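Here is a quick tour of one protein model, written for someone just starting out. Keep the picture open while you read.

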Amino acid sequence: MTSSQTAGRIPPFGAGSFGAGSFGTGSFGNGAEFQGGSSAGGGFKDGRFPQDDPFGLRAKGPKALEGSTPEQVMARLDLLAHLLDTAILLPGNRRIGLDAIVGLIPVIGDAITTAISSYIVWEARRLGAPRWLIARMAANVAIDGVVGAVPLIGDLFDAAFKANRRNVQLLRRHLERSGALKPSVIDVTATRID
């Protein structure tokens, strides 16, 4: 098929947002829609061409989390907390996670794991957790980050403290009490009838 047989003129390589002229309208299957026009108003509705985001991930970014139910969010946070705090079984039935291993890298390792741990606090805020709970979760992350920065002793502390597990447990308990999440454990008292 030649360019004269296509629906519109094909822009030259590199004509992205700098190209002038009208290219027509259409959709490219990744969520980006083309809006023809001059260089001032033409291009895709988000200002990028499909090659900038071939899988359409940027278009779905924050919108992907908007439709998440509390159960889906908690499943994601449980998995993250498991990876960071309890993913690796050591001899003697002791568990550590990537937080303790990455924390062995001086300064950068603890900064990385603190940033990842902050995601759990951000999700709690997004789910509507009260300020006191956010503050408590942030304190857990801060303690883990500050004490974890101390060489060797901090790494042992990282392996024992498990701030991410604590934060997910705090958030789960809050969501269950507020009714946003079904209880994972039902407390009952059994009475024997003779």
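## The overall layout

The protein is built from seven helices and five strands. Both kinds of element are DSSP runs (helices are H or I with at least four residues, strands are E with at least two), and they are numbered from the N terminus. Walk along the sequence and you meet them in the order β-β-β-α-α-β-β-α-α-α-α-α.

Before going further: this is a predicted model, where local features need pLDDT of at least 70 and side-chain atom pairs count only at pLDDT 80 or more, while totals for chains, interfaces and linings use all residues. Residues are numbered from 1 along each chain as its sequence is written, and side-chain values use heavy atoms, with hydrogens and water left out.

## Inside and outside

Of the 194 residues, 31% are buried. Buried means under 20% relative accessible area, exposed means over 50%, and partly exposed is in between (1.4 Å probe, protein chains only). The accessible surface adds up to about 12,800 Å², and carbon and sulfur atoms account for 62% of it. Such areas come from the Shrake-Rupley method with a 1.4 Å probe; for residues, only the protein chains shown count as cover.

Now for contacts, meaning heavy atoms within 4.5 Å. Take the ones between residues at least 6 apart in sequence: 47% of them join residues at least 24 apart.

## A buried threonine

T86 belongs to helix α2, which covers residues 70–86. T86 counts as buried because its relative accessibility is 11%. Skip its neighbours within four places in sequence, and T86 still touches A81, R95, I96, G97, K162 and R165.

## Two residues in a loop

L104 sits in the loop between α3 (98–102) and α4 (108–126). With a relative accessible area of 55%, L104 is exposed. Its C-alpha atom is 7.7 Å from that of L152, although the two are 48 residues apart along the chain.

I105 is also in the loop between α3 and α4. I105 has 45% relative accessibility, so it counts as partly exposed. Between the C-alpha atoms of I105 and A149, 44 residues apart along the chain, there are 9.4 Å.

## A positive patch

Which residues form a positive surface patch? They are R136, R166, R173 and R177. Helix α7 (residues 163–178) gives the largest share, three residues. R166 lies in helix α7, and at 39% relative accessibility R166 is partly exposed.

Patch members have over 30% relative accessible area and no salt bridge; like charges are joined within 9 Å, and nonpolar side chains (Val, Leu, Ile, Met, Phe, Trp, Tyr) within 5 Å. A salt bridge is a side-chain nitrogen of Lys or Arg within 4 Å of a carboxyl oxygen of Asp or Glu.

Conventions: Lys and Arg count as positive and Asp and Glu as negative; His and the chain ends are not counted. The place of a charge is taken as NZ of Lys, CZ of Arg, CG of Asp or CD of Glu.
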